[in-house]
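Me: Could you take a close look at the ligand site for me and walk me through what sits around it? A few words on the packing elsewhere would help too.

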Amino acid sequence: MKYISTRGSAPTLNFDDVLVTGLARDGGLYVPMEWPQFSPADLRRFRNLSYAELAVEVMRPFVEGSIDDASLEAIVKGAYQDFGHPAVAPLKQLDQGLWMMELFHGPTLAFKDYAMQVLGRLFDHVLQQRGERITIVGATSGDTGSAAIEACRDRDAIDIFILFPNNRVSPVQQRQMTTVDAANVHAIALDGHFDDCQDMVKGLFNDLAFRDKMQLSAVNSINWARIMPQITYYFAAAIALGAPDRPVAFSVPSGNFGNVFSGYAAAQMGVPISQLLVGANRNDILARFMTSGTMQMRGVEPSLSPSMDIQVSSNFERLLFDLLDRDGGAVARTLTDFRQTGHFSVSQGQLARAKETFQGHAVDDATTLARIKATAAATGEIIDPHTAIGIETAVALAANITDPLVSLACAHPAKFPDAVHQASGHYPALPARLADLMERPERLTVLANDSDVVKAFIEEHVTTGGTL
Ligand SMILES: *Cc1c(COP(=O)(O)O)cnc(C)c1O
């Protein structure tokens, strides 16, 4: 498979180069040159596959020419073998026509594990083949950092340094980053806020000498290899509920638009997906776009669903590329404008095309809490605030939908115990395999918010020269 940039002027690359490059050189995001196609007969054939077997089928065309079949199988098998549920992504029926797909059975209890576990192994495989190594540096306010650490621990070709604001992440999230006992993992508590962590990481990447010397790399969702593995669970849910003979709709709590874009990809590949509902919190830029066709930037406000507190959804660019008929020049002009003016609009025709698949809906904190409470009362299921936004969106828009509707449960309730307690009166328990998380010994380094100090720490701890 060849990949092209959404801004039209970066080189066309193979999968392995896309993986290692991340952001395209023209500032765009890489997308496959064409969508692999699966026929109704293919989907029927997939009915008896395990989750990992299905993942291999779905990803094979995307990595063709870069990763051989046996390696892909080993990578996928390793990625999902320690998940906490034999079905990996189990479906639960909540109501007539409404299902929830649990995407929190990975090591850090949020859906990001489903891609990150594959990504870490892909990186390791490709880098070892090339005789290269990388240093992953990232800033986190929670979910992404822990998922990245779990995915990169003990990988031979990777060192990982994750910065989080000292004393400013939840106890569960902190322990998920600091109790990983692996020599290549470094959790750094920076004296400062999340923005200081982000600025620090940007500064490290902008120091080109340091960046090249350390082979710095990122694992955020602009990387195509973060999107690709997520396509599998859309196939799995649709097939379980009757595809190819019956279409299915999804409700997806969204922030960076990475998760729901994977659903769009599944639809392009032949899965009958009639609707993708985009759930938002009070940071509702996406929901407003889906109604008006105008993307209008506003400030980010904190909410009970912090993983969706996002102003500009980086993966929306991949959808925009298709809406603008894959005209990279037009995407580049639109987004340069957006950066300068804080808004852009698509035409009525383009909006109508987006609306054939997407509908947006915003949910405030009070309604989020009410949905957690109502779901517990009606079904006995304790859900987290992000999951609640997906289900609330599904319920709010259900009148327009006749197909089975699957709402994605993106985090385990024990990751957000305070909001769940506020809504339901219960503190949700961690799953058994993490029950002793709060007692495990922590390993972290507190560093001053000073780039010389952080650089010195990275240089000192990176595995230089080494075996490769
Ligand atoms: C990351 C995250 C989201 C947002 O997903 P996007 O792919 O950024 O749209 C929603 N819920 C949870 C729990 C998350 O961790």
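Reply: Here is the ligand site, followed by the cores and the cysteines. Bear in mind that this is a predicted model, where local features need pLDDT of at least 70, side-chain atom pairs count only at pLDDT 80 or more, and totals for chains, interfaces and linings use all residues. Residues are numbered from 1 along each chain as its sequence is written, and side-chain values use heavy atoms, with hydrogens and water left out.

The ligand is surrounded by 15 residues, counting a residue if one of its heavy atoms lies within 4 Å. K112, D143, G255, N256 and N259 are the closest. Sorted by class, this shell holds six nonpolar, seven polar and two charged residues; Asp, Glu, Lys and Arg count as charged, Ala, Val, Leu, Ile, Met, Phe, Trp, Tyr, Cys and Pro as nonpolar, and the others, Gly among them, as polar.

Now for the ligand's oxygen atoms. A side-chain N or O atom of K112 is 2.5 Å from one ligand oxygen, and D143 has a polar side-chain atom 2.7 Å from a ligand oxygen. F257 takes part through its backbone, with an N or O atom 3.0 Å from an oxygen of the ligand. On its own the ligand would expose 380 Å², and the protein buries 96% of that (Shrake-Rupley method, 1.4 Å probe).

As for disulfides (cysteine sulfur pairs within 2.5 Å), the count is zero. C197 has its nearest cysteine sulfur, that of C152, 18 Å away. C197 is also buried, at 0% relative accessible area, and C410 counts as buried at 5%, since the cut-off is under 20% relative accessible area (1.4 Å probe, protein chains only).

Elsewhere, F235 is in contact (heavy atoms within 4.5 Å) with residues beyond four places in sequence, including F38, L54 and M269.

Technical notes: A polar contact is a pair of N or O atoms within 3.5 Å; within protein, one must be able to donate a hydrogen and the other to accept it, and residues adjacent in sequence count only if both atoms are side-chain atoms. Buried means under 20% relative accessible area, exposed over 50%, partly exposed in between (1.4 Å probe, protein chains only).
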